[in-house]
Amino acid sequence: MDSRYLKDKEDLKKAAQTVDDDRRTFLTAGLVGGAVAAGTLMAGAVHAQQIAQAPALSDKPWWPHPKWGKDDQAGASNYMTPAKTLDTVKLIKDGKVYRIGRTYESAMPKFGERAFTLRIPGSPTGGPFGTNKVIWHDEFLATEIGQTGTQFDGLGHIGIQMGKDGDKNEMRYYNGVTEQEMGGAYGLSKLGVEHVKPFFTRGHLFDIEALKGRMMEAGEEITLADVRAAMQKQGMNEADVKEGDAVFFNTGWGKLWMKNNDKFNSGEPGIGLEIAKWCVDKGISLTGADQWATEVVPNPNKDLAFAVHTELIAKQGIFNHENLDFTALIADRKYQFAYIFSPAPIKGATGSNGGPIAVT
Ligand code: UVW
């Protein structure tokens, strides 16, 4: 294991004793869980000084959810209604189906110590049976099934520690659910991904890589001005982004997938709290991107780690789809589509793998 990973509380405590700016950079870098190249971090730090400061985070309780009530476990998937389906269908003009998920394989980049190990027992696994001599293959998969490769973050994935270390009654998730209430070695007893309603909604893709004419850098934040400029360039109208829609960001970082995994894992460009607030104001149901967290890492505010995750997933119940691939959509200049994804309803799981599609 790379010694720069911060794996447990002891590591975090040691890191916290180191000083000032270096300490902050190290903490943020370590939480990324990747082998961080010093140059990449420097680029992120320089960029951080160039952009507007993010709005302050509120530590007020965020529950019960103002729209969906105290017992809700479906979050922004509640926007999926028959009316939303019928409105989404209007975006389907030529019937073309695009796979926007990636292939799952052991060599793909993974966050921290996560694993993806597939084995086919036997060769073949079973048979022959019957006079027709049937034979077959099964697979055995050992992985963080909702948190590797193209991954849909569910509401049990991200929470906020609001009390002392180890106080499970003050580790809070969506709708204020506590670690004490939901934690369990054999699956989460609340907020499991099986509660999420299948997504069939309007998707909008913002190609920030094309806007800038280059791949964005790790630590470089997508601003609202960038999104508005991309919309203008792509002939889109902000008013057309409606409640319950999904929004996607192409940063160019996905080009590193399976080409330079170390750099891919070392940080990433992405959205920050400015865009997160816009998503909340718009009533977005899901964010997604061509990189591994959708949000900018390291965050330009060096005190924050995965702040968009905590603001959108934990506080708002807005979902996140990571490691998407928009190459074919962009080649065809298709920026608005039906986004279709039904998370695998694994009881008590934190998220889902699977094959999301865009239909135009
Ligand atoms: C974390 O789990 C912290 O990040 P992600 O959702 O990007 O995998």
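This passage walks through a predicted model of a protein with a bound ligand, from its overall make-up to some of its local details.

Taken as a whole, the protein has 360 residues, and buried residues make up 49% of them. Its secondary structure comes to 11 helices and 17 strands. Among the contacts with a separation of 6 or more, 76% are between residues 24 or more positions apart. The accessible surface of the protein is about 16,900 Å², and carbon and sulfur atoms account for 53% of that area.

A good place to begin a closer look is the sheet. Nine strands take part in an open sheet with mixed pairing, and their order is β1-β17-β15-β9-β11-β13-β14-β6-β16. At the edges stand β1 (97-99) and β16 (351-352), each of which pairs on one side only. Strand β9, which covers residues 199-207, sits between β15 and β11 in this order. With β15 (residues 336-341), β9 pairs in the antiparallel sense, over six bridges. One of the residue pairs here is H204 with its bridge partner Q336 in β15. With β11 (residues 246-250), β9 runs parallel, and five bridges join the two strands. On that side, D207 stands opposite N250 of β11. How enclosed is β9 by the rest of the structure? Eight of its nine residues are buried, so the strand is largely enclosed.

Towards the other end of the strand order, β6 (residues 151-153) pairs with the edge strand β16. The two are antiparallel and share two bridges. Within this pairing, D153 has G351 of β16 as its bridge partner. D153 is also one of the residues that surround the ligand, which links this part of the sheet to the next topic.

The shell around the ligand consists of R114, Q147, Q151, D153, H157, W292, A293, F306, H309 and E322. By class, three of these residues are nonpolar, four are polar and three are charged. Several side chains come within a short distance of ligand oxygen atoms, as the following values show. For R114, an N or O atom of the side chain is 2.8 Å from an oxygen atom of the ligand. For H157, a polar side-chain atom lies 2.9 Å from a ligand oxygen atom. For Q151, the corresponding value is 3.3 Å, again from a polar side-chain atom to an oxygen atom of the ligand. On its own the ligand has 260 Å² of accessible area, and the protein covers 91% of it.

Just ahead of β6 comes T150, in the loop between β5 (140-143) and β6. Is T150 buried or exposed? With a relative accessible area of 1%, T150 is buried, the cut-off for this term being under 20%. The side chain of T150 reaches the backbone nitrogen of R102 at 2.8 Å. Beyond its neighbours within four places in sequence, T150 is in contact with G101, R102, Y104, H321, E322, N323, L324, S352, N353, G354 and P356. One of these contacts, E322, is also part of the shell around the ligand.

The backbone has some local features that are worth pointing out. Two peptide bonds are described here as cis. The bond from W63 to P64 is cis, with omega near -5°, and P64 lies in the loop between α3 (38-50) and α4 (82-89). A cis peptide bond also joins G127 and P128, with omega about 0°; here P128 belongs to strand β3 (residues 126-129).

Positive phi values form another group of backbone features. K133, which is not a glycine, has a positive phi of about 55° and is placed in the loop between β3 and β4 (134-136). K133 is exposed, with a relative accessible area of 56%. N175, likewise not a glycine, has a positive phi of about 60° and is found in the loop between β8 (171-172) and α5 (179-182). N175 is buried, its relative accessible area being 7%.

Finally, helix α9 (residues 273-282) has L273, I275, A276, W278 and C279 as its buried residues. Just after α9 comes G283, where phi is positive at about 75°.

Definitions and conventions
Residues numbered from 1 in each chain as written. Predicted model: local features only at pLDDT ≥ 70, side-chain atom pairs only at ≥ 80, totals over all residues. Heavy atoms only, no water. Buried < 20%, exposed > 50% of the residue type's maximum accessible area, 1.4 Å probe, protein only. Helix = DSSP H or I, 4+ residues; strand = E, 2+ residues; numbered from the N terminus. Pairing = 2+ DSSP bridges. Near = heavy atom within 4 Å. Polar contact = N/O pair within 3.5 Å; in protein donor to acceptor, adjacent residues only side chain to side chain. Areas by Shrake-Rupley, 256 points an atom, 1.4 Å probe, with all protein chains shown as cover. Nonpolar A, V, L, I, M, F, W, Y, C, P; charged D, E, K, R; others polar. Contact = heavy atoms within 4.5 Å.
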